[in-house]
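This report goes through a single protein chain, starting from a pair of charged side chains and working outwards. Please keep the sequence and the structure open while reading.

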Amino acid sequence: MSSRLTRLTRDVGLAEDLAHEALLAALEQWPQSGVPDNPGAWLTATAKRRAIDLFRRNAVAARKHQDLTRDLAALEQTVPDLNSDLDDPIGDDLLRLIFISCHPILATESRAALTLRLVAALPPLRSPAHSSPRTHHRPTHRPPKRMLAENASPSKSPEAPS
């Protein structure tokens with residue numbers, strides 16, 4: 001069996017490996033299916049099939065390797081246009097604002113506040129020194145008509161159209 005596999009593969013080591021694999025396959029299959037009438041022929045046929053499968057796998061791998069090499073060579077021949085990528089403005093205005101709000105020249109607290117303002121639409125926080133006293137009071141829950149009546153000036157009344 002080894003001499004036939006060696007002639008087929010032209011590699012003594014590979015022929016021995018294939019013979020061992022065929023023997024392992026026999027040890028797995030023969031207890032369940034029984035020993036064939038001609039065990040030597042079965043082992044040789046199994047080893048030959050494995051050799052053919054190995055050759056096919058190697059041929060496919062070599063073709064894929066050549067394709068990848070050719071594709072890589074074609075990619076290396078093309079020159080990327082880096083100037084157009086650098087000059088391309090950011091298309092999304094919100095994204096541009098986020099990048100501006102994360103600029104390192106700003107303080108960390110300011111960057112966080114601006115980013116939250118842009119992303120989550122949170123109102124800007126004001127320090128007590130810069131805000132009016134009314135902003136810290138809780139709003140009263142009055143019906144809108146009553147609020148309008150309280151805010152309306154008694155001296156001014158809506159004029160009739162002339």
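## A salt bridge between two helices

Glu-21 and Arg-50 form a salt bridge through their side chains, with an N to O distance of 3.7 Å. Glu-21 belongs to helix H2 and Arg-50 to helix H3, so this pair ties together parts of the chain that are 29 residues apart in sequence. The model is a predicted one, and the distances given here are computed from its coordinates.

Neither partner is buried. Glu-21 has a relative accessible area of 36%, so this residue counts as partly exposed. Arg-50 is also partly exposed, because its relative accessibility is 31%, which falls between the 20% and 50% cut-offs.

## A second salt bridge, inside H3

The salt bridges in the model number two. The other one joins the side chains of Arg-70 and Asp-67, at 2.4 Å from N to O. These two residues are three places apart in helix H3, which means that about one helical turn separates them. Arg-70 counts as exposed because its relative accessibility is 51%, while Asp-67, at 35% relative accessible area, is partly exposed. In general, side chains of opposite charge can pair when their charged atoms come close.

## Overall layout and confidence

The chain contains seven helices and zero strands, so its elements read α-α-α-α-α-α-α from the N terminus on. It has 162 residues, and 10% of them count as buried. Among the contacts with a separation of 6 or more, 32% are between residues 24 or more positions apart.

Mean pLDDT for the chain is 76, with 67% of the residues at 70 or more. Of the elements, H3 has the highest mean pLDDT, 93, and helix H7 (residues 144–151) the lowest, 51. In residues 130–137 the pLDDT is below 50, and this stretch makes three contacts in the model beyond near neighbours in sequence. Where pLDDT is low, the predicted coordinates should not be read in detail.

## The largest nonpolar core

Which residues make up the largest nonpolar core? There are ten: Leu-5, Ala-15, Leu-18, Ala-19, Ala-22, Ala-26, Trp-30, Leu-43, Ala-47 and Ala-51. H2 (12–33) and H3 each contribute at least two residues to this core. The greatest share comes from H2, which supplies six.

One of the core residues, Ala-15, touches Ser-2, Leu-5, Thr-6 and Thr-9, when residues up to four places away in sequence are left out.

## Ala-25 and its partners

Ala-25 is a residue of helix H2. Its relative accessible area is 3%, so Ala-25 counts as buried. Beyond its neighbours within four places in sequence, Ala-25 is in contact with Trp-42, Thr-46 and Arg-50. Arg-50 is the residue that pairs with Glu-21 in the salt bridge described above. The C-alpha atoms of Ala-25 and Leu-43 are 8.6 Å apart, and the two residues are separated by 18 residues in sequence.

## Two threonines in H3

Is Thr-46 buried or exposed? Thr-46, a residue of helix H3, is buried because its relative accessibility is 7%, and the cut-off for buried is under 20%. A polar atom of the Thr-46 side chain lies 2.8 Å from the backbone oxygen of Trp-42. Thr-46 also touches Ala-22 and Ala-25, not counting residues up to four places away in sequence. Ala-22 is listed in the largest nonpolar core.

Thr-44 is found in H3 as well, a helix that covers residues 39–77. With a relative accessible area of 9%, Thr-44 is buried. Leaving out residues up to four places away in sequence, Thr-44 touches Met-1 and Arg-4.

## Helix H6 and the residue after it

Helix H6 runs over residues 108–120, which makes 13 residues. At 1.5 Å a residue the helix should span 18 Å, and this agrees with the computed distance between its end C-alpha atoms, 18 Å. Ala-121, just after H6, takes a positive phi of about 55°.

Key. Residues are numbered from 1 along each chain as its sequence is written. This is a predicted model: local features need pLDDT of at least 70, side-chain atom pairs count only at pLDDT 80 or more; totals for chains, interfaces and linings use all residues. Side-chain values use heavy atoms; hydrogens and water are left out. Helices (H or I, at least four residues) and strands (E, at least two) are DSSP runs, numbered from the N terminus. Buried means under 20% relative accessible area, exposed over 50%, partly exposed in between (1.4 Å probe, protein chains only). Contact means heavy atoms within 4.5 Å. The expected span of a helix is 1.5 Å times one less than its number of residues. A nonpolar core is a set of buried Ala, Val, Leu, Ile, Met, Phe, Trp, Tyr and Cys residues joined through side-chain atoms within 4.5 Å. A polar contact is a pair of N or O atoms within 3.5 Å; within protein, one must be able to donate a hydrogen and the other to accept it, and residues adjacent in sequence count only if both atoms are side-chain atoms. pLDDT is the predictor's confidence in each residue, from 0 to 100. A salt bridge is a side-chain nitrogen of Lys or Arg within 4 Å of a carboxyl oxygen of Asp or Glu.
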